[in-house]
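Work through the following exercises with the sequence and the structure side by side. Try each task before reading its solution.

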Amino acid sequence: MNSCIKITKNDLILGMEVDFLLIGQGLAGTVLSYKLIQKGLKVHLIDDGDPKSSSKIAAGLFNPVTGRNLVKTWKADALFKEIQPFYRDMETLLGQEFVHPIGIYRPFISFEEQNEWLAKSADPQYDAFIDKVYSKSRNQGVNDPFGGLLLKSTGYIDTRKLVNSYGTWLKDRGLITNISLEEKDLIFNRDGSWEYKGIKAKKIIFANGIQAGKNSFFNWIPFIPVKGEILTIQQDFTSSEIVNRGVFRIDLGKGVGKVGSTYHNAAVDLSPTEKGKKEILDKLHQLIDREVNEILDHQVGVRPGIRDRKPVLGKHPSKESVYIFGGFGAKGVSLVPYLSNQMCNLLIFGEEPEKEVNINRFFKYI
C-alpha cells in the first residue's frame, strides 16, 4: 500500500503551498497525515515535540470489550478490521516494529458475569473477539476465582515508537516543523487559504489533542482533560497475555510489566503523584497475587477527552478552511484509523462525518 510514497525533502520547502497544514503530530496527526499523503496530497505538520504528550505516554491498547461492565466497545466490528492492517502498513513504511498482537484476559467478578459471557460466546456477533471463556481459575497468579474471558484481535501499539519514528520520517522529507503554534501568527488570506511562518495551506486541521480546545477557534468544544498515570514495575510474574481488570498489566519480559492507568479530570498537571501510584498498586494487588519488587518508572499523560466520550471531527461553523480532528481519549489506537477515513472524505469530498462524532453536535455551545 505504501510503496507509492516517494517523497524527498526537495518536494516541499517552506514557502511552498500545501493542501493541508496539520497542527499536532500525536497519534491523530500521525495517522491522518499519513492517509492524506497516501492519497497524493501535500501536507505539512506543526508540532511542539512535547515528550510528555499523551500519544507518547499511552499504553496503546486495542481492546474490543471494555469498562467495568465488560461491554463491546462502540463500533467494534468496523474499528477492529482496520487496526492491525493499518499499523502493519506503517511498520513497513518506517522499517520499525510497534504492533504487538496479544490476547487480553479479563477475570470475572461473579458467577453471573461468567454465565453472561458463556451465553455470549455462542453469539456470532462476538466470534471475532472471544477466544475462550474460562469457568474456573487458571491458577497463573491472577486472582480469578470465577474464571475469565480471553479476548482475541487484541494487543497494543507502541505509540511512542510509532510517533517518534514517523516524526523522523517526516523531518527527513521536510514535512514537519517542530515549533509551538502561536495563534496570533496565523494569517487568513482572501482566497480562503491560511499561512503560518511561510507555509501556505488550503486548509488547516487542529489535531493537537487537548490544546485544540484552548485556541479561539474551538474553545467552545467541551473538552475534558483526563490525567492518567502509568507505572513500569519489576514483579515476580509473567504472562503470555495482557491481564486487564481495574488496571491493565502488559508483560514486557524478564519480570517487567507496564501497569495503569488512573483516570482523573480534577487535576491535569503532568506531575506523578503518590495517590496515583498507590491507586495503581492497590488495584494491581487485587488483580495479581504477586509482590511488586521495584517501581522502575512513573509516567503521566493527559488524554484529550470530550464530555460525551466521543471524538470530534469536522469543519468550523464560520471560519473558512478550519477543521478539527481530536478528542479520542483513551481509545485513540482503535478509533483513529477508522475515523481518519471519514476525516479524509470530509477534507477531500466534503462528506460529513457520522453524527456521533460530528462537530455540529456542539454548535449550540457557540
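Two strands are said to pair if DSSP finds at least two bridges between them. Keep in mind throughout that this is a predicted model.

**Exercise 1. State in which order the strands of the three-stranded open sheet lie, and which of them stand at the edges.**

Step 1. The three strands follow the order β3-β10-β6, and their pairing is antiparallel.

Step 2. The edges are taken by β3 (61–62) and β6 (99–101), each of which has a single partner strand, so one side of each is left without a neighbour in the sheet.

Step 3. To follow one pairing in detail, take β6 and strand β10 (residues 155–157), which are joined in the antiparallel sense over three bridges; here H100 stands opposite Y156 in β10.

Step 4. Finally, add the helix: α3 (residues 76–94) lies across β3, β6 and β10, and it runs at about 140 degrees to β6.

**Exercise 2. Describe the open sheet of eight strands, and find the helix that packs on it.**

Step 1. The order of the strands is β8-β9-β7-β16-β17-β18-β15-β19, and the pairing is mixed.

Step 2. β8 and β19 are the edge strands, since each pairs on one side only, and the twist from one strand to the next averages 20 degrees.

Step 3. At the β8 edge, β8 and β9 pair in the antiparallel sense over four bridges, and V133 has L149 in β9 as its bridge partner.

Step 4. The helix is α6, which packs on the sheet by touching β7, β15, β16, β17, β18 and β19, while its direction makes about 60 degrees with that of β15.

**Exercise 3. Work out how the buried and the exposed residues are arranged around α6.**

Step 1. Begin with the helix itself: α6 has 14 residues and reaches 20 Å from its first C-alpha to its last, close to the 20 Å expected at 1.5 Å a residue.

Step 2. Its buried residues, for which the relative accessible area must be under 20%, are G276, E279, I280, L284 and L287. Seen down the axis of α6, these residues fall within an arc of 125 degrees, so they line one face of the helix.

Step 3. The face turned away from the buried side carries the exposed residues E274, K275, K278 and Q286. What covers the buried residues includes β7 (104–107), β15, β16, β17 (247–253), β18 (256–260) and β19 (292–306).

**Exercise 4. Compare the setting of the salt bridge between K278 and D282 with that of the one between R138 and E241.**

Step 1. Recall that side chains of opposite charge can pair when their charged atoms come close.

Step 2. In the salt bridge of K278 with D282, the closest N and O atoms are 2.7 Å apart. Because K278 and D282 are four residues apart in helix α6 (residues 274–287), they are separated by about one helical turn. K278 counts as exposed at 52% relative accessibility, whereas D282, at 35%, is partly exposed.

Step 3. In the salt bridge of R138 with E241, the closest N and O atoms are 2.9 Å apart. This pair links distant parts of the chain, with R138 in the loop between β8 (130–134) and β9 (148–151), and E241 in the loop between β15 (223–235) and β16 (242–245), 103 residues apart.

Step 4. R138 counts as buried at 18% relative accessibility, and E241 is buried with a relative accessible area of 10%.

Terms used. Residues are numbered from 1 along each chain as its sequence is written. This is a predicted model: local features need pLDDT of at least 70, side-chain atom pairs count only at pLDDT 80 or more; totals for chains, interfaces and linings use all residues. Side-chain values use heavy atoms; hydrogens and water are left out. A salt bridge is a side-chain nitrogen of Lys or Arg within 4 Å of a carboxyl oxygen of Asp or Glu. Helices (H or I, at least four residues) and strands (E, at least two) are DSSP runs, numbered from the N terminus. Buried means under 20% relative accessible area, exposed over 50%, partly exposed in between (1.4 Å probe, protein chains only). The expected span of a helix is 1.5 Å times one less than its number of residues. The arc is that of the directions from the helix axis to the C-beta atoms. Contact means heavy atoms within 4.5 Å. Axes are lines fitted to C-alpha atoms, for helices over the stretch in contact, and angles run from 0 to 180 degrees between N-to-C directions.
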